[in-house]
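Biologist: I am new to this protein and would love a guided close look at one part of it. Could you pick a buried spot, walk me through its surroundings, and then show me a few other places for context?

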Amino acid sequence: MWLSLVLLLVLLLLAGVRRVYLGLFAGRSPNPFSQDVKRPPAPLVTDKEARKRVLKQGIHYIGHMEEGTFGRFILDQITEGQLDWASLSSPFDTVVLDMPSGRKEFPMYSGKKAYIEGLKEKFPQEKDVINKYIKLVKVVADGAIHALLLKFLPLRLAQLLSKCGLLTRFSPFLHASTQSLAEVLQQLGASPELQAVLSYIFPTYGVTPSRTTFSMHALLVNHYLQGAFYPRGGSSEIAFHIIPVIKQAGGAVLTKATVQTVLLDSAGKACGVRVKKGQELMDIYCPTVVSNAGLFNTYEHLLPESARCLSGVQQQLQMVRPGLSMFSVFICLRGTKEELGLQSTNYYVYFDINMDKAMERYISMPREKAVEHIPLYFVASPSSKDPTWPGRFPDRSTLTVLIPTAYEWFEEWQEEPQGKRSHDYETLKSSFVEASISMILRLFPQLEGKVESATGGSPLTNQFFLAATRGATYGADHDLDRLHPYVMASIRAQSPIPNLYLSGQDIFTCGLMGALQGALLCSSAILKRNLYSDLKDLGSRVRAQKKIM
Ligand SMILES: Cc1cc2nc3c(=O)[nH]c(=O)nc-3n(C[C@H](O)[C@H](O)[C@H](O)COP(=O)(O)OP(=O)(O)OC[C@H]3O[C@@H](n4cnc5c(N)ncnc54)[C@H](O)[C@@H]3O)c2cc1C
């Protein structure tokens, strides 16, 4: 009985592998990574007109950008090496536990050895737990390829494998995708304070320790383990250097051009998009439509009614929900980073080591009370991370603060026009801005009298400028449901609508690197090539070439 079941599974697996090879990789589409296009970075373009059409977004720090990493290699290829990276100082993050009993700081140093030593110095009694934790983080994060493979397998096979429980048995990553971060830290025997410190990075994916998976957490911790980086010239550099490459390949990039609907032909296949440019509506026809607008926008708003209710679409929508929204505060300061004593280090400030409880209590509060119980602040100084900043703005510095928020607190103003919302909306926003400034002055007392201006961005601001559904900072919630192997297998670039593909963070995970995986998966599916192996081949050729020289 068991033998026949195993045989059946092996046969199914082989059939799947054959289909993957024949269907996906045997195509004759051109290889976009056939040659190394990296060239020495040209001087920074600072002219405002030249940069006008570039979208600005709030990237704070990226890991794995040192030379020789896969992340750096792919970004070099898609920007022809024009996107340059500056490393953050070490510690790249500092966790602050600001308790009634006093304030403690926990630095996260760049480099695995320094990172571990930093933790052990603060928790000398828990050295074994820290060793076990880091070992597990590495094993789990290194197995993330299994989640990618799952998306390459034929859908039914991937779903079957995940249903029969085999995947979690053999893949540490997929196993950790069914365990919460809190559960794993408790199993490791970490003290409550160590649990809090090890969980500190959850705002980068937006889900508290008992609701997120250990796999998501391990990906992020591993991502920054060697240190963190910031785009030289600011985060708009990312789009600024990708756009020319798209244009060279015959593409065009339009801004302020909202897609209103995906056009379907009489057979229900995607055949183009209807775009609103100014007051004009334009229908653009194409054989393949790729949506990077996110799962919710695409399925709930861009599909015509007839396609929206297809069972495949509804099934995917039921698997996920929009994630947490963050309130942003942008602060301008008088003075250079040296004068103000600012660092490129990010600060995560917490007021309760029970992060789940503090967040639950806060999010369920009425909005007038919530501001007095903010459980965490993320504080970063973008100007201090960018070596080109002083050349452009010699006597000013910036800080950004992120605070978790509930969309519901702002929902009643969603129909009012952006920039002209009622007084009560502005009052609520101001209360978060003021709370941030008083926290900043507690954290950095030397900034007293240096704040020139401060503005706030609510979940409605995210919705307006980033088209983020319900203001969600990282797209679909990275909770235990979303990372479950069955859901990972089911939500993929190929949509239930023929010729419509999805890309970006909802296809894999959030973050620049997560969204890039979504793009690679999507391009692989359309081109019927394995772009991961194309990149690997190119990487080997480049390394061999370097050895000869
Ligand atoms: C404040 C903030 C800080 C962050 N910090 C970091 C960080 O430090 N490091 C990191 O790695 N990640 C960070 N992230 C996450 C990262 O920015 C996202 O995960 C990533 O940008 C997702 O990429 P994407 O291409 O999937 O989606 P997006 O970058 O959201 O792109 C989707 C695009 O689709 C457009 N769109 C939507 N609907 C339509 C439509 N109907 N018509 C036309 N266009 C449409 C939107 O305008 C948007 O430009 C941060 C996110 C935020 C909001």
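Modeller: Happily; what follows starts at one serine and then moves on to some helices and the cavities. Please keep in mind that this is a predicted model.

Let us begin with Ser291, which sits in strand S8, a stretch covering residues 289-291. Is Ser291 buried or exposed? Its relative accessibility is 7%, and because buried means under 20%, Ser291 counts as buried. The side chain of Ser291 has two partners worth finding on your screen. One is the side chain of Thr298, with which it makes a polar contact at 2.7 Å. The other is the backbone nitrogen of Ala293, which the Ser291 side chain reaches at 3.2 Å. Now look at the wider neighbourhood, leaving aside residues up to four places away in sequence: Ser291 touches Thr298 and Leu302, and also Leu500, Tyr501, Leu502 and Ser503.

From there, you can visit helix H25, which runs over residues 511-527. Its 17 residues reach 24 Å from the first C-alpha to the last, close to the 24 Å expected at 1.5 Å a residue. Among the buried residues of H25 are Leu512, Leu516, Leu520 and Ser524. Here a general point helps: an α-helix has 3.6 residues a turn, so residues three or four places apart point the same way. Just after H25 comes Lys528, whose phi is positive, near 50°.

Another buried residue to try is Ala176, in helix H9 (residues 172-176). With a relative accessibility of 1%, Ala176 counts as buried. Not counting residues up to four places away in sequence, Ala176 touches Val140, Thr213, Phe214 and Ser215. For a sense of scale, Ala176 and Lys337 lie 41 Å apart in space, C-alpha to C-alpha, and 161 residues apart in sequence.

Helix H4 (residues 112-122) also has a buried set: Tyr115, Ile116, Gly118, Leu119 and Lys120. These buried residues pack against strand S3 (102-108) and three helices, namely H5 (127-142), H11 (192-198) and H12 (214-224).

Last, the empty spaces. How many cavities of 30 Å³ or more does a search of the whole structure find? There are three, and the largest holds about 50 Å³ of space. Its lining includes Gly341, Leu342, Gln343, Tyr347, Val379, Leu399 and Phe444. Divided by type, the lining residues of the largest cavity are six nonpolar, four polar and no charged.

Key: Residues numbered from 1 in each chain as written. Predicted model: local features only at pLDDT ≥ 70, side-chain atom pairs only at ≥ 80, totals over all residues. Heavy atoms only, no water. 1 Å grid on protein atoms, 1.4 Å probe; cavity = no way out; pocket = protein on both sides within 12 Å on 5 of 7 lines; lining within 4 Å. Points joined across faces, edges and corners; volume = space filled by probe spheres on them. Nonpolar A, V, L, I, M, F, W, Y, C, P; charged D, E, K, R; others polar. Helix = DSSP H or I, 4+ residues; strand = E, 2+ residues; numbered from the N terminus. Buried < 20%, exposed > 50% of the residue type's maximum accessible area, 1.4 Å probe, protein only. Polar contact = N/O pair within 3.5 Å; in protein donor to acceptor, adjacent residues only side chain to side chain. Contact = heavy atoms within 4.5 Å. Expected span 1.5 Å × (residues − 1).
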